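Hi everyone, thanks for making the time. I'll keep this short, so please have the structure open while I talk.

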Amino acid sequence: MPRSDAGKLSLILLFMPFVLWMALLIVLPQLGVGYLSLREKLGPGKYSFGLANYMDFLHEPVYWNTLLRTAWMSILVTILALIVGFPVAYYIAKIARQRSRAALFLMCLIPLWVSDLVRAFGWIVLLRETGLISGFLQGIGLISGPVELLYNDVTVVVGLVYTVVLFMIVPLVSTLDGMDNSMIEAGYNLGGSRFTVFRRIVVPYAMPGIVAGCIIVFMLTAGSYLTPILLGGKNSMWFTEQIYEQFVTRYNWESGATFGVLLLAFTSFVVWLGLRLTGQSLASTVAKD
Amino acid sequence: MYDLQCERLTKRFGQHIAVNDVSFDVPRGSFFSILGPSGCGKTTLMRMIAGFETPTGGDIRIKGASVLSTPPNRRSVKMVFQHLALFPMMNVGENIAYGLRCRGENKADIGRKVAAVLERIGLPDVAEKQVSQLSGGQKQRIAIARCMVLEPDVLLLDEPLGALDLKLRERMKIELKLLQNQFNTTFLYITHDQSEALVMSDNVAVMNAGRFEQIGSPQELYNSPRSGFVAGFVGDSNRWQGRAVDVADGEARVALDAGGEVIAMTGDSKVAAGSKVEVFVRPETISLGAGADGNRLSGTVDSLLFNGANSRVLVRTAGGNLVEVGHAVMDGSSPVRPGDQAEISWRREHCLCFGVAG
């Protein structure tokens, strides 16, 4: 059947870029990193294989504390992004008029036109000791001397929320957009209060978007490098910083690879745990038709 | 005793008046329909009764008490939405239990009531099913059950049959009427489909451009419409333009624009000698062949439209009007063929005319 052959061929051709991308840029490097992490350096050009790198990680509290801290801060950022993003998404999808909807959505996307690095420097311009906010507060006489607003956890969290909140809003808007307004009205009509309608109708309906948004935001945050380094400085103790240090500063690729594998494993574990604790599964939310 | 009363209800959106000075009373336990073309304001009217829109003027009373200051979630008015709005994230039982849980009833009562209402609508085993597993007709009944389990004073239905296919719609009409009898609750039904309104209702209000044209039983609306709009909208009618030649004793002699003259009963007071009028004649009151007394026109048979009991013969009159003639029996016994000369006639009391502006 020539027809189905042509169909098969076009299917293969269409999938090829995706397969190549996955294989060459995701799977292969991960395998390489996994392989490196199991290699122990005994001397110049002499290697053996084992779990020694992983034991090193466990024996050095500073490493796993950094990993835990990164995970915990990422969870916090995810929760804050959800709290900030949900009302925005709800407004865009349900309350705004049809015509202003596109404009609002576009306004959410505008920050993406500016590179991450420039946006992080934007925060620095605002928050540093000689920055705008410090200067303004001195100007109106609220504080007597310059104040350093950079290099603390609050700034890092705020900066991260700002960077990632868009990735929470987009999936939320698209799920909420698909929700029929009469669903909400039916919720009220049958006697639900605002809170009941929100908790029992809006949130369950938006759950696929919430799960998708949270996973994206959490993974992005845990793997982010620029924002924590620039806004947190040496105090940020971000795990990606440790990986960078192992690879670049110490030239210890084995250890860096180990950290990379651990970061992937640990963040995947957190996502799994999050899904279990909230009683969700990928099949019933993100993969739902 | 009236379950629902609306008094001089008005709703404006900017310059546009969606509902204009509408008053009506719905007696307890009756089936009341609001029939009108799309955009006539019937949905706005219903949304005001449900509490989703605030009236610009007038009052809404349920069981005699004004509900204007009552928020939608506290009104004893439940609504079946056009697309039903069943909650997809809950199963059927949870959908029905939702309202009871909002009310804070205890678990045992909720379980008992949900089972009882499912029994009444004839779907006792679906509580554990997902909404998506139900058929169109079943969803319809679940949407009604979800409201009825709360024992509302009034149930609003916003064109709930619109999404169903024709066969199912015919069946659901009868089923809805039976459900209404069974629950003995006041139903307020909104539709643009006249047959739904006529078949199910005790009373029908015909709505046009924000106003009620006429309120009455289906028979009244069909047999003695009080305006040209009602005559044209309810049921099928032949509709001709003409000019009244002279008017006396409730009868008018009308010269049709397309030629010919007919005697018609005057439907409203706007019909005066010399005024422009519209003449309405129902196809089933016209017969082929010359009648003893009354109106007659001659022409040629244009075509035969077979539709079982609703079959029609189209006759083109000498003046060019195309007249629909009811002709239920279309077998060998009625040798009418396109191109035949035909005489059509009807009694003058079956012919109504209404004045038109201009």
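Let's start with one pair of strands in chain B. Strand 16, residues 295-305, and strand 17, residues 312-317, both of chain B, run antiparallel to each other and share 6 bridges. If you'd like a place to put your cursor, take Leu304(B): its bridge partner in strand 17 of chain B is Val313(B). Do keep in mind as we go that this is a predicted model.

Now, zooming out a little, which sheet of chain B do these strands sit in? It is an open, antiparallel sheet of 5 strands, ordered 15-19-16-17-18. At its edges you'll find strand 15 (287-288) and strand 18 (322-326) of chain B; each has a single partner strand, so one side of each has no neighbour in the sheet.

And the rest of chain B? Overall, chain B has 8 helices and 20 strands. Along the principal axes, its C-alpha atoms fill a box of roughly 75 × 50 × 35 Å. Of its 358 residues, 41% count as buried. Looking at contacts in chain B with a separation of 6 or more, 66% of them join residues 24 or more positions apart.

Last stop, the contact between the chains. How many residues does each chain bring to it? Chain A gives 15 residues and chain B gives 17 residues. On the chain A side, helix 8 (181-189) and helix 9 (194-222) each supply at least two residues, and helix 8 of chain A gives the most, with 6 residues. By class, that side of chain A has 7 nonpolar, 6 polar and 2 charged residues.

That's my tour, and I'm happy to take questions!

Terms used:
Residues numbered from 1 in each chain as written. Chains lettered and ligands numbered in written order. Predicted model: local features only at pLDDT ≥ 70, side-chain atom pairs only at ≥ 80, totals over all residues. Contact = placed C-beta atoms within 7 Å. Helix = DSSP H or I, 4+ residues; strand = E, 2+ residues; numbered from the N terminus. Nonpolar A, V, L, I, M, F, W, Y, C, P; charged D, E, K, R; others polar. Pairing = 2+ DSSP bridges. Buried ≥ 20, exposed ≤ 12 C-beta atoms within 10 Å, placed from the backbone.
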